[in-house]
Amino acid sequence: MTSSTASGKIILFGEHAVVYGRPAIAAPVAQVRATATVTDAPAGSGCTLLAQDIGEEVRLADAPADHPLALVLRLALAEAGIVREPDWRIELTSDIPIASGLGSGAAISAALVRAALTHAGQFAPPETVSRLVYRSEELFHGTPSGIDNTVIAYEHPVWFVKGRPPETFAVGQPFLLAIADSGIPSPTKESVGDVRRAWEADPATYESIFHRIADIVHGARRAIRDGNFAAIGLLMNANQQRLQELGVSSPALEKLITAARGAGAAGAKLSGGGRGGNVIALVNLETAEQVQSALLAAGARRVILTRVGDRENHNRR
Ligand code: MEV
């Protein structure tokens with residue numbers, strides 16, 4: 001039996017603009033994880049994928065070519081040089097809320113690639129996991145930048161520019177974020193598609209917003225390196241304003257953001273595709289509890305706290 005896991009993720013700065021070649025910063029969220037467990041099945045029974053959380057059971061031989069999990073598994077088998085379908089039963093579970101902007105789809109795919117390669121006696125290096133998961137992201141999201149599969153595969157904070165090898169970045173002082181799930185699905189494919197249509201209709205306006213976001217992301221890298229808590233918060237607020245201009249915020253997200261700031265968060269913004277999904281708020285040990293309560297009172301389904309920059313959180317499997 002082989003069991004592998006993958007973490008969730010948050011985008012700290014630069015979502016959407018990253019699709020247009022601007023930098024973005026993302027971090028893993030180790031508290032929420034997807035797990036894939038491969039067990040050998042009786043000879044001749046073939047390969048079955050069981051995704052209990054979504055009540056799905058798929059026989060690999062019957063799955064259509066565009067089934068995202070089957071696609072990832074076929075790619076992993078090809079990577080491992082396995083040509084004949086193995087007799088495996090693969091169970092997939094996850095405590096990452098689906099469509100919440102925490103990368104549930106990419107994390108399930110990453111856990112699956114790791115478990116399949118490991119069960120086949122192969123290494124599953126991050127660059128291979130990232131490359132294979134990207135293929136399923138294309139099915140889920142249309143034109144993904146590649147940041148979700150990258151941060152989940154490497155499981156450390158990343159400075160990401162589309163098409164370039166990911167870099168990590170210095171964290172002068174680890175910082176605490178409250179992640180609030182709005183409970184409203186975040187349709188990343190739709191929000192990315194809407195931004196694309198708006199950009200096509202008015203490239204000058206949208207390029208100028210992306211340019212400003214890039215400035216914010218560069219500033220955030222410096223603020224994070226310097227451990228400048230107040231500056232990180234202000235830059236989160238500035239990024240949120242640009243995301244509003246892109247049309248990817250929503251009244252429910254704004255309500256959570258206002259509540260977090262009102263309760264003492266140093267900054268707050270949506271994270272990921274937007275419309276629904278998550279809001280992140282920068283807190284410290286003094287404000288964490290009141291910000292959490294305020295977020296719940298403003299309608300958050302659940303709030304988790306995560307620290308960015310803690311060495312021990314990196315590369316956990
Ligand atoms: C989704 O987590 C981040 C987006 O920028 C989309 C992408 O980068 O593929 C909205």
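In what order do the four strands of the open sheet stand? The order is S8-S9-S7-S10, and the pairing is antiparallel. This is a predicted model. The mean pLDDT of the protein chain is 94, and 98% of its residues reach 70 or more. One stretch stands apart: over residues 313–317 the pLDDT is below 50. In the model, this stretch has 18 contacts beyond near neighbours in sequence.

**The four-stranded sheet**

- Strands S8 (267–271) and S10 (302–308) stand at the edges.
- Each edge strand has a single partner strand, so one side of each is left without a neighbour in the sheet.
- From one strand to the next, the twist averages 25 degrees.
- Strand S7 (residues 175–181) runs antiparallel to S10, and seven bridges join the two.
- One residue pair in this register is Asp181 with Arg302, its bridge partner in S10.

**Helices on the sheet**

- Helix H7 (residues 229–246) packs on the sheet and touches S7, S8 and strand S9 (278–283).
- The direction of H7 makes about 45 degrees with that of S8.
- Helix H8 (residues 251–262) also packs on the sheet, where it touches S8 and S9.
- The direction of H8 makes about 155 degrees with that of S8.

**The S3–S4 hairpin**

- Strands S3 (residues 48–51) and S4 (residues 56–59) run antiparallel and are joined by four bridges.
- Leu49 has Val58 as its bridge partner in S4.
- Four residues lie between the two strands of this hairpin.
- Gly55, in the turn, has a positive phi of about 60 degrees.

**The largest pocket**

- The largest pocket has a volume of about 790 Å³.
- Its lining counts 46 residues.
- Nearest the centre of the pocket lie Ser104, Gly105, Glu137, Phe140 and His141.
- Two strands and several helices contribute: S1 (2–13), H1 (68–79), S5 (88–94), H2 (104–119), H3 (126–141), H4 (147–154) and H5 (188–201) each supply at least two lining residues.
- H2 gives the largest share of the lining, five residues.
- By class, the lining has 20 nonpolar, 19 polar and seven charged residues.

Terms used. Residues are numbered from 1 along each chain as its sequence is written. This is a predicted model: local features need pLDDT of at least 70, side-chain atom pairs count only at pLDDT 80 or more; totals for chains, interfaces and linings use all residues. Side-chain values use heavy atoms; hydrogens and water are left out. pLDDT is the predictor's confidence in each residue, from 0 to 100. Contact means heavy atoms within 4.5 Å. Two strands pair if DSSP finds at least two bridges between them. Axes are lines fitted to C-alpha atoms, for helices over the stretch in contact, and angles run from 0 to 180 degrees between N-to-C directions. On a 1 Å grid over the protein atoms alone, a cavity is a set of points where a 1.4 Å probe fits but cannot get out, and a pocket is an open set with protein on both sides within 12 Å along at least five of seven lines; lining residues have an atom within 4 Å of a point. Grid points are joined across faces, edges and corners, and a volume is the space filled by probe spheres set on the points. Ala, Val, Leu, Ile, Met, Phe, Trp, Tyr, Cys and Pro count as nonpolar, Asp, Glu, Lys and Arg as charged, and the others, Gly among them, as polar.
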